[in-house]
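Welcome, and thanks for taking a look at this one with us. Here is a short briefing on overall build, empty space and helix packing, to read alongside the structure.

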Amino acid sequence: MTNTAKTPHPATAGHSERNISFDLIRILAIFLVMYNHRETYIFYHHVPHMGLRYILSMCGAAFCKCGPPLFFMVSGALILHKKESFRKIFQHRILRILIVMVIVSILMVTLIPDSDPFFKTFFSGLNWYLYAYVGFLLMLPFLRILVNHMTKKDMKMFFILTAIAYSVSEILIPFTSAVEAFTGFMPIFSSPFGSSCWNLVFPILAYCLISFSKHEEDPTRKKRILLVLLLGTIASLIIAMLLMNYDLTANHGEYLELIAQHAILFPCCFVFYGLYEGFSGRSIRLLFSGKVLAELSAATFGMFLIETHTSFSRQIFEFVASWFPHAAGPYLCSLVSIVLQLLLYFLVIFALRRIPPLRKIL
(Lines give C-alpha, C1' and ligand atoms only; values in the text may rest on other atoms or scores of the structure.)
Protein backbone atom coordinates (compact mmCIF):
# COMPACT_ATOMS: atom_id res chain seq x y z
CA MET A 1 0.00 0.00 0.00
CA THR A 2 1.28 3.45 -0.85
CA ASN A 3 1.73 6.08 1.79
CA THR A 4 -1.11 8.28 0.59
CA ALA A 5 -4.77 7.82 -0.25
CA LYS A 6 -4.41 9.57 -3.60
CA THR A 7 -4.10 6.34 -5.58
CA PRO A 8 -7.11 5.26 -7.68
CA HIS A 9 -9.94 4.36 -5.38
CA PRO A 10 -11.24 0.75 -5.37
CA ALA A 11 -14.75 1.86 -6.21
CA THR A 12 -13.45 3.04 -9.60
CA ALA A 13 -11.88 -0.29 -10.43
CA GLY A 14 -13.78 -2.77 -12.58
CA HIS A 15 -16.18 -0.02 -13.61
CA SER A 16 -18.13 -2.28 -15.96
CA GLU A 17 -18.76 -4.89 -13.29
CA ARG A 18 -21.17 -4.41 -10.41
CA ASN A 19 -19.66 -4.85 -6.96
CA ILE A 20 -22.10 -7.24 -5.30
CA SER A 21 -20.51 -6.75 -1.88
CA PHE A 22 -22.26 -3.37 -1.62
CA ASP A 23 -25.56 -5.00 -2.63
CA LEU A 24 -25.16 -7.57 0.14
CA ILE A 25 -24.28 -4.88 2.69
CA ARG A 26 -27.38 -2.84 1.81
CA ILE A 27 -29.66 -5.89 2.05
CA LEU A 28 -28.20 -6.84 5.43
CA ALA A 29 -28.58 -3.22 6.57
CA ILE A 30 -32.30 -3.04 5.76
CA PHE A 31 -32.82 -6.39 7.51
CA LEU A 32 -31.14 -4.99 10.64
CA VAL A 33 -33.29 -1.84 10.50
CA MET A 34 -36.41 -4.03 10.47
CA TYR A 35 -34.97 -6.24 13.22
CA ASN A 36 -34.54 -3.11 15.34
CA HIS A 37 -38.22 -2.21 14.89
CA ARG A 38 -39.68 -5.59 15.83
CA GLU A 39 -40.06 -7.63 19.02
CA THR A 40 -36.72 -9.23 18.18
CA TYR A 41 -35.11 -6.07 19.58
CA ILE A 42 -36.55 -6.59 23.09
CA PHE A 43 -36.74 -10.38 23.10
CA TYR A 44 -34.62 -10.54 26.28
CA HIS A 45 -37.74 -9.45 28.20
CA HIS A 46 -39.42 -12.76 27.29
CA VAL A 47 -36.72 -15.26 28.30
CA PRO A 48 -35.00 -16.31 31.57
CA HIS A 49 -32.51 -13.78 32.88
CA MET A 50 -28.88 -14.42 31.83
CA GLY A 51 -29.77 -17.58 29.96
CA LEU A 52 -28.31 -18.26 26.52
CA ARG A 53 -31.29 -16.74 24.70
CA TYR A 54 -31.12 -13.67 26.95
CA ILE A 55 -27.44 -13.16 26.18
CA LEU A 56 -27.87 -13.67 22.44
CA SER A 57 -30.89 -11.39 22.39
CA MET A 58 -28.96 -8.64 24.18
CA CYS A 59 -26.13 -8.95 21.66
CA GLY A 60 -28.66 -8.88 18.82
CA ALA A 61 -30.23 -5.71 20.25
CA ALA A 62 -26.83 -4.01 20.00
CA PHE A 63 -25.82 -5.53 16.65
CA CYS A 64 -29.03 -4.46 14.87
CA LYS A 65 -27.98 -0.82 15.39
CA CYS A 66 -25.48 -1.47 12.59
CA GLY A 67 -28.21 -0.95 9.96
CA PRO A 68 -28.01 2.83 9.38
CA PRO A 69 -24.20 3.03 9.81
CA LEU A 70 -23.77 0.35 7.13
CA PHE A 71 -25.83 2.46 4.73
CA PHE A 72 -23.55 5.42 5.48
CA MET A 73 -20.50 3.21 4.92
CA VAL A 74 -21.71 2.17 1.48
CA SER A 75 -22.28 5.82 0.62
CA GLY A 76 -18.80 6.71 1.80
CA ALA A 77 -17.25 3.88 -0.19
CA LEU A 78 -19.07 4.78 -3.41
CA ILE A 79 -18.99 8.57 -3.52
CA LEU A 80 -16.25 9.95 -1.24
CA HIS A 81 -13.61 9.41 -3.93
CA LYS A 82 -15.55 11.20 -6.68
CA LYS A 83 -14.90 14.74 -7.91
CA GLU A 84 -18.15 16.65 -8.09
CA SER A 85 -19.03 20.31 -7.81
CA PHE A 86 -21.34 21.34 -5.01
CA ARG A 87 -23.90 22.23 -7.65
CA LYS A 88 -23.85 18.67 -8.96
CA ILE A 89 -24.04 17.27 -5.42
CA PHE A 90 -27.13 19.38 -4.78
CA GLN A 91 -28.85 18.64 -8.09
CA HIS A 92 -28.14 14.90 -8.25
CA ARG A 93 -28.05 13.93 -4.57
CA ILE A 94 -29.48 16.44 -2.09
CA LEU A 95 -32.43 17.45 -4.28
CA ARG A 96 -33.47 13.80 -4.59
CA ILE A 97 -33.68 13.45 -0.79
CA LEU A 98 -35.53 16.76 -0.42
CA ILE A 99 -38.09 15.64 -3.01
CA VAL A 100 -38.58 12.39 -1.09
CA MET A 101 -39.03 14.33 2.16
CA VAL A 102 -41.65 16.60 0.57
CA ILE A 103 -43.56 13.68 -0.97
CA VAL A 104 -43.51 11.68 2.26
CA SER A 105 -44.69 14.74 4.23
CA ILE A 106 -47.58 15.32 1.81
CA LEU A 107 -48.60 11.65 1.97
CA MET A 108 -48.49 11.63 5.77
CA VAL A 109 -50.60 14.80 6.04
CA THR A 110 -53.06 13.51 3.42
CA LEU A 111 -53.45 9.90 4.51
CA ILE A 112 -53.06 10.00 8.29
CA PRO A 113 -56.06 11.36 10.21
CA ASP A 114 -55.34 14.18 12.70
CA SER A 115 -51.75 14.44 11.49
CA ASP A 116 -49.58 17.53 12.00
CA PRO A 117 -49.54 20.33 9.39
CA PHE A 118 -47.19 19.94 6.44
CA PHE A 119 -44.36 22.16 7.70
CA LYS A 120 -44.34 20.60 11.15
CA THR A 121 -44.33 17.15 9.59
CA PHE A 122 -41.54 18.10 7.18
CA PHE A 123 -39.28 19.60 9.84
CA SER A 124 -39.94 17.19 12.72
CA GLY A 125 -42.06 14.26 11.64
CA LEU A 126 -39.69 12.50 9.24
CA ASN A 127 -37.20 9.85 10.25
CA TRP A 128 -33.87 11.21 11.51
CA TYR A 129 -31.93 9.24 8.89
CA LEU A 130 -33.09 11.46 6.02
CA TYR A 131 -31.86 14.58 7.78
CA ALA A 132 -28.60 12.86 8.69
CA TYR A 133 -28.03 11.84 5.07
CA VAL A 134 -28.67 15.39 3.84
CA GLY A 135 -26.11 16.50 6.42
CA PHE A 136 -23.61 13.99 5.01
CA LEU A 137 -24.20 15.28 1.50
CA LEU A 138 -23.73 18.90 2.60
CA MET A 139 -20.41 17.93 4.21
CA LEU A 140 -19.38 15.81 1.22
CA PRO A 141 -17.07 18.34 -0.53
CA PHE A 142 -15.15 18.90 2.71
CA LEU A 143 -15.02 15.22 3.66
CA ARG A 144 -13.50 14.55 0.22
CA ILE A 145 -10.73 17.04 0.95
CA LEU A 146 -10.12 15.29 4.25
CA VAL A 147 -9.87 11.73 2.91
CA ASN A 148 -7.88 12.75 -0.17
CA HIS A 149 -5.12 14.05 2.11
CA MET A 150 -5.12 11.13 4.56
CA THR A 151 -2.04 8.94 4.53
CA LYS A 152 -2.01 5.33 5.60
CA LYS A 153 -0.78 6.46 9.03
CA ASP A 154 -3.60 9.02 9.25
CA MET A 155 -6.20 6.36 8.46
CA LYS A 156 -4.81 4.06 11.13
CA MET A 157 -4.82 6.86 13.70
CA PHE A 158 -8.37 7.85 12.78
CA PHE A 159 -9.59 4.30 13.36
CA ILE A 160 -7.74 3.97 16.68
CA LEU A 161 -9.01 7.29 18.06
CA THR A 162 -12.57 6.55 16.94
CA ALA A 163 -12.46 3.07 18.51
CA ILE A 164 -11.17 4.50 21.79
CA ALA A 165 -13.78 7.27 21.84
CA TYR A 166 -16.65 4.86 21.14
CA SER A 167 -15.44 2.24 23.62
CA VAL A 168 -14.77 4.59 26.53
CA SER A 169 -18.06 6.40 25.92
CA GLU A 170 -19.97 3.13 25.92
CA ILE A 171 -18.45 2.02 29.20
CA LEU A 172 -19.06 5.37 30.91
CA ILE A 173 -22.69 5.78 29.81
CA PRO A 174 -24.53 3.78 32.50
CA PHE A 175 -22.25 4.93 35.33
CA THR A 176 -21.73 8.66 34.91
CA SER A 177 -22.85 11.71 32.97
CA ALA A 178 -19.18 12.42 32.12
CA VAL A 179 -19.71 10.74 28.75
CA GLU A 180 -21.19 13.99 27.43
CA ALA A 181 -18.08 15.92 28.42
CA PHE A 182 -15.85 13.20 26.97
CA THR A 183 -17.49 12.89 23.57
CA GLY A 184 -19.56 16.04 23.23
CA PHE A 185 -16.70 18.14 21.91
CA MET A 186 -15.17 15.78 19.35
CA PRO A 187 -17.94 14.70 16.98
CA ILE A 188 -15.42 13.67 14.31
CA PHE A 189 -14.83 10.56 16.47
CA SER A 190 -17.93 10.11 18.62
CA SER A 191 -20.85 11.89 20.30
CA PRO A 192 -23.13 11.36 23.34
CA PHE A 193 -25.78 10.01 20.95
CA GLY A 194 -23.71 7.78 18.67
CA SER A 195 -26.16 8.28 15.81
CA SER A 196 -25.43 12.03 15.82
CA CYS A 197 -22.02 11.40 14.22
CA TRP A 198 -22.66 8.22 12.21
CA ASN A 199 -22.98 10.23 8.98
CA LEU A 200 -19.50 11.67 9.58
CA VAL A 201 -17.53 8.81 11.13
CA PHE A 202 -18.68 5.74 9.21
CA PRO A 203 -18.27 7.00 5.63
CA ILE A 204 -14.66 7.86 6.46
CA LEU A 205 -14.08 4.47 8.09
CA ALA A 206 -15.45 2.74 4.98
CA TYR A 207 -13.14 4.76 2.76
CA CYS A 208 -10.18 3.77 4.93
CA LEU A 209 -11.11 0.08 4.97
CA ILE A 210 -11.52 -0.36 1.23
CA SER A 211 -8.39 1.70 0.56
CA PHE A 212 -6.51 -0.74 2.76
CA SER A 213 -8.20 -3.73 1.14
CA LYS A 214 -7.38 -2.54 -2.38
CA HIS A 215 -3.80 -1.45 -1.87
CA GLU A 216 -2.50 -3.95 0.69
CA GLU A 217 -0.68 -6.69 -1.19
CA ASP A 218 0.07 -8.97 1.76
CA PRO A 219 -2.88 -11.41 2.23
CA THR A 220 -1.64 -12.22 5.74
CA ARG A 221 -2.09 -8.61 6.81
CA LYS A 222 -5.59 -8.56 5.33
CA LYS A 223 -6.53 -11.65 7.31
CA ARG A 224 -4.97 -10.12 10.42
CA ILE A 225 -7.11 -6.99 10.07
CA LEU A 226 -10.22 -9.15 9.65
CA LEU A 227 -9.28 -11.12 12.78
CA VAL A 228 -8.75 -7.91 14.77
CA LEU A 229 -12.16 -6.64 13.66
CA LEU A 230 -13.77 -9.98 14.54
CA LEU A 231 -12.24 -10.01 18.02
CA GLY A 232 -13.26 -6.38 18.47
CA THR A 233 -16.79 -7.28 17.41
CA ILE A 234 -17.03 -10.14 19.91
CA ALA A 235 -15.63 -7.97 22.70
CA SER A 236 -17.96 -5.07 21.80
CA LEU A 237 -21.07 -7.25 21.88
CA ILE A 238 -20.09 -8.93 25.16
CA ILE A 239 -19.39 -5.56 26.80
CA ALA A 240 -22.65 -4.16 25.41
CA MET A 241 -24.60 -7.12 26.79
CA LEU A 242 -23.07 -6.69 30.26
CA LEU A 243 -23.64 -2.93 30.28
CA MET A 244 -27.22 -3.23 29.03
CA ASN A 245 -27.95 -5.87 31.65
CA TYR A 246 -26.47 -3.63 34.34
CA ASP A 247 -28.45 -0.64 33.08
CA LEU A 248 -31.71 -2.59 33.24
CA THR A 249 -30.98 -3.44 36.87
CA ALA A 250 -29.48 -0.15 38.07
CA ASN A 251 -31.16 2.47 35.87
CA HIS A 252 -34.35 0.73 34.70
CA GLY A 253 -32.99 0.67 31.16
CA GLU A 254 -32.57 4.43 30.86
CA TYR A 255 -29.39 4.24 28.77
CA LEU A 256 -30.02 1.09 26.72
CA GLU A 257 -30.26 2.99 23.43
CA LEU A 258 -27.05 4.94 24.01
CA ILE A 259 -25.13 1.81 25.00
CA ALA A 260 -26.27 -0.01 21.87
CA GLN A 261 -25.42 2.96 19.65
CA HIS A 262 -21.84 2.95 20.95
CA ALA A 263 -21.35 -0.80 20.55
CA ILE A 264 -21.43 -0.98 16.76
CA LEU A 265 -18.12 0.43 15.54
CA PHE A 266 -16.25 -2.88 15.41
CA PRO A 267 -19.30 -4.91 14.24
CA CYS A 268 -19.95 -2.46 11.38
CA CYS A 269 -16.32 -2.45 10.29
CA PHE A 270 -16.10 -6.26 10.51
CA VAL A 271 -19.26 -6.80 8.44
CA PHE A 272 -18.33 -4.16 5.87
CA TYR A 273 -14.70 -5.25 5.48
CA GLY A 274 -15.55 -8.97 5.55
CA LEU A 275 -18.23 -8.71 2.87
CA TYR A 276 -16.10 -6.41 0.75
CA GLU A 277 -13.13 -8.76 0.96
CA GLY A 278 -15.25 -11.83 0.38
CA PHE A 279 -17.39 -10.69 -2.54
CA SER A 280 -15.65 -7.84 -4.39
CA GLY A 281 -14.84 -8.91 -7.93
CA ARG A 282 -17.08 -11.95 -7.71
CA SER A 283 -20.28 -12.63 -9.59
CA ILE A 284 -23.31 -14.78 -8.82
CA ARG A 285 -23.65 -17.41 -11.50
CA LEU A 286 -27.21 -18.57 -10.84
CA LEU A 287 -29.71 -17.55 -13.51
CA PHE A 288 -31.19 -14.08 -12.87
CA SER A 289 -29.80 -14.02 -9.32
CA GLY A 290 -27.39 -11.18 -10.05
CA LYS A 291 -30.19 -9.00 -11.43
CA VAL A 292 -32.48 -9.87 -8.52
CA LEU A 293 -29.73 -8.99 -6.05
CA ALA A 294 -29.11 -5.67 -7.79
CA GLU A 295 -32.82 -4.80 -7.84
CA LEU A 296 -33.24 -5.79 -4.19
CA SER A 297 -30.27 -3.64 -3.26
CA ALA A 298 -31.59 -0.68 -5.27
CA ALA A 299 -34.98 -1.01 -3.56
CA THR A 300 -33.61 -0.75 -0.02
CA PHE A 301 -34.06 3.04 0.15
CA GLY A 302 -37.74 2.77 -0.76
CA MET A 303 -38.13 -0.17 1.62
CA PHE A 304 -36.59 1.98 4.35
CA LEU A 305 -39.17 4.72 3.70
CA ILE A 306 -42.07 2.28 3.94
CA GLU A 307 -40.64 0.73 7.10
CA THR A 308 -40.06 3.99 8.93
CA HIS A 309 -43.06 6.05 7.80
CA THR A 310 -45.97 3.60 7.82
CA SER A 311 -47.56 1.11 10.20
CA PHE A 312 -47.43 -1.73 7.68
CA SER A 313 -44.66 -3.54 9.58
CA ARG A 314 -46.86 -3.75 12.69
CA GLN A 315 -49.80 -4.98 10.63
CA ILE A 316 -47.66 -7.63 8.94
CA PHE A 317 -46.32 -8.79 12.31
CA GLU A 318 -49.84 -9.08 13.73
CA PHE A 319 -50.92 -11.04 10.66
CA VAL A 320 -48.01 -13.47 11.04
CA ALA A 321 -48.62 -13.81 14.78
CA SER A 322 -52.28 -14.70 14.15
CA TRP A 323 -51.19 -17.67 12.04
CA PHE A 324 -48.50 -18.96 14.37
CA PRO A 325 -49.21 -21.06 17.45
CA HIS A 326 -48.64 -19.20 20.71
CA ALA A 327 -45.68 -21.45 21.48
CA ALA A 328 -43.78 -20.02 18.52
CA GLY A 329 -43.18 -16.87 20.52
CA PRO A 330 -42.55 -13.27 19.42
CA TYR A 331 -39.02 -13.89 18.18
CA LEU A 332 -39.92 -16.41 15.49
CA CYS A 333 -42.98 -14.38 14.53
CA SER A 334 -40.76 -11.31 14.19
CA LEU A 335 -38.25 -13.08 11.94
CA VAL A 336 -40.97 -14.46 9.69
CA SER A 337 -42.69 -11.07 9.53
CA ILE A 338 -39.37 -9.40 8.59
CA VAL A 339 -38.85 -11.85 5.73
CA LEU A 340 -42.44 -11.21 4.59
CA GLN A 341 -41.88 -7.46 4.85
CA LEU A 342 -38.75 -7.66 2.73
CA LEU A 343 -40.63 -9.57 0.04
CA LEU A 344 -43.73 -7.35 0.02
CA TYR A 345 -41.84 -4.06 0.25
CA PHE A 346 -39.49 -5.18 -2.51
CA LEU A 347 -42.39 -6.00 -4.83
CA VAL A 348 -43.97 -2.61 -4.17
CA ILE A 349 -40.75 -0.65 -4.74
CA PHE A 350 -39.83 -2.81 -7.75
CA ALA A 351 -43.19 -1.92 -9.34
CA LEU A 352 -42.84 1.78 -8.49
CA ARG A 353 -39.32 1.89 -9.90
CA ARG A 354 -40.71 0.85 -13.31
CA ILE A 355 -42.13 4.40 -13.45
CA PRO A 356 -39.24 6.55 -14.82
CA PRO A 357 -39.75 9.65 -12.60
CA LEU A 358 -39.99 7.50 -9.46
CA ARG A 359 -36.97 5.43 -10.42
CA LYS A 360 -34.84 8.56 -10.14
CA ILE A 361 -35.77 9.18 -6.48
CA LEU A 362 -36.44 5.68 -5.08
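The structure holds one cavity of 30 Å³ or more. Please keep in mind as you read that this is a predicted model. The chain has 17 helices and zero strands, and two of its helix pairs are described below, after the cavity and a pocket.

**Overall build**

- The chain contains 362 residues, for which a compact globule would have a radius of gyration near 21 Å; the chain has 21 Å, so the two agree.
- Measured out along the principal axes, the C-alpha trace would fill a span of about 60 × 50 × 45 Å.

**The largest cavity**

- About 50 Å³ of space lies in the largest cavity.
- Its lining is made by Ala-163, Tyr-166, Ser-167, Glu-170, Ser-236, His-262, Ala-263, Ile-264, Leu-265, Phe-266 and Pro-267.
- Two elements, helix H7 (152-172) and helix H12 (265-279), give two or more residues each to this lining.
- H7 gives the most to the lining of the largest cavity, with four residues.
- By class, the lining of the largest cavity has seven nonpolar residues, three polar and one charged.

**The second largest pocket**

- About 590 Å³ of space lies in the second largest pocket.
- Of the 22 residues that line this pocket, Val-104, Leu-107, Leu-305, Ile-306 and Thr-310 lie nearest its centre.
- Helix H4 (86-111), helix H14 (300-309) and helix H16 (329-352) each supply at least two residues of the pocket lining.
- H4 gives the most to the lining of the second largest pocket, with six residues.
- The lining of this pocket divides into 18 nonpolar and four polar residues, with no charged ones.

**H4 against H14**

- Two helices that help to line the second largest pocket, H4 and H14, also pack against each other, at an angle of about 35° and with their axes 12 Å apart.
- Their crossing is right-handed.
- On the H4 side the contact is made by Arg-96, Ile-97, Val-100, Val-104 and Met-108, and on the H14 side by Phe-301, Leu-305 and His-309.
- Sorted by class, the contact of H4 with H14 has six nonpolar residues, one polar and one charged.
- Val-104 and Leu-305 belong to this contact, and both are also among the residues nearest the centre of the second largest pocket.

**H1 against H12**

- Helix H1 (residues 20-36) and H12 have axes that come within 8 Å and cross at roughly 145°.
- The crossing of H1 and H12 is right-handed.
- From H1, Ile-20, Ser-21, Phe-22, Leu-24, Ile-25 and Leu-28 meet Val-271, Phe-272, Leu-275, Tyr-276 and Phe-279 of H12.
- In this contact of H1 with H12 there are ten nonpolar residues and one polar, and no charged ones.
- H12 thus appears in two places in this briefing, as a contributor to the lining of the largest cavity and as the packing partner of H1.

Note on methods
Residues are numbered from 1 along each chain as its sequence is written. This is a predicted model: local features need pLDDT of at least 70, side-chain atom pairs count only at pLDDT 80 or more; totals for chains, interfaces and linings use all residues. Side-chain values use heavy atoms; hydrogens and water are left out. On a 1 Å grid over the protein atoms alone, a cavity is a set of points where a 1.4 Å probe fits but cannot get out, and a pocket is an open set with protein on both sides within 12 Å along at least five of seven lines; lining residues have an atom within 4 Å of a point. Grid points are joined across faces, edges and corners, and a volume is the space filled by probe spheres set on the points. Ala, Val, Leu, Ile, Met, Phe, Trp, Tyr, Cys and Pro count as nonpolar, Asp, Glu, Lys and Arg as charged, and the others, Gly among them, as polar. Axes are lines fitted to C-alpha atoms, for helices over the stretch in contact, and angles run from 0 to 180 degrees between N-to-C directions. A crossing is left-handed if the near helix is turned anticlockwise from the far one by less than a right angle, and right-handed if clockwise. Contact means heavy atoms within 4.5 Å. The radius of gyration is taken over C-alpha atoms; the globule rule is 2.2 Å times the number of residues to the power 0.38.
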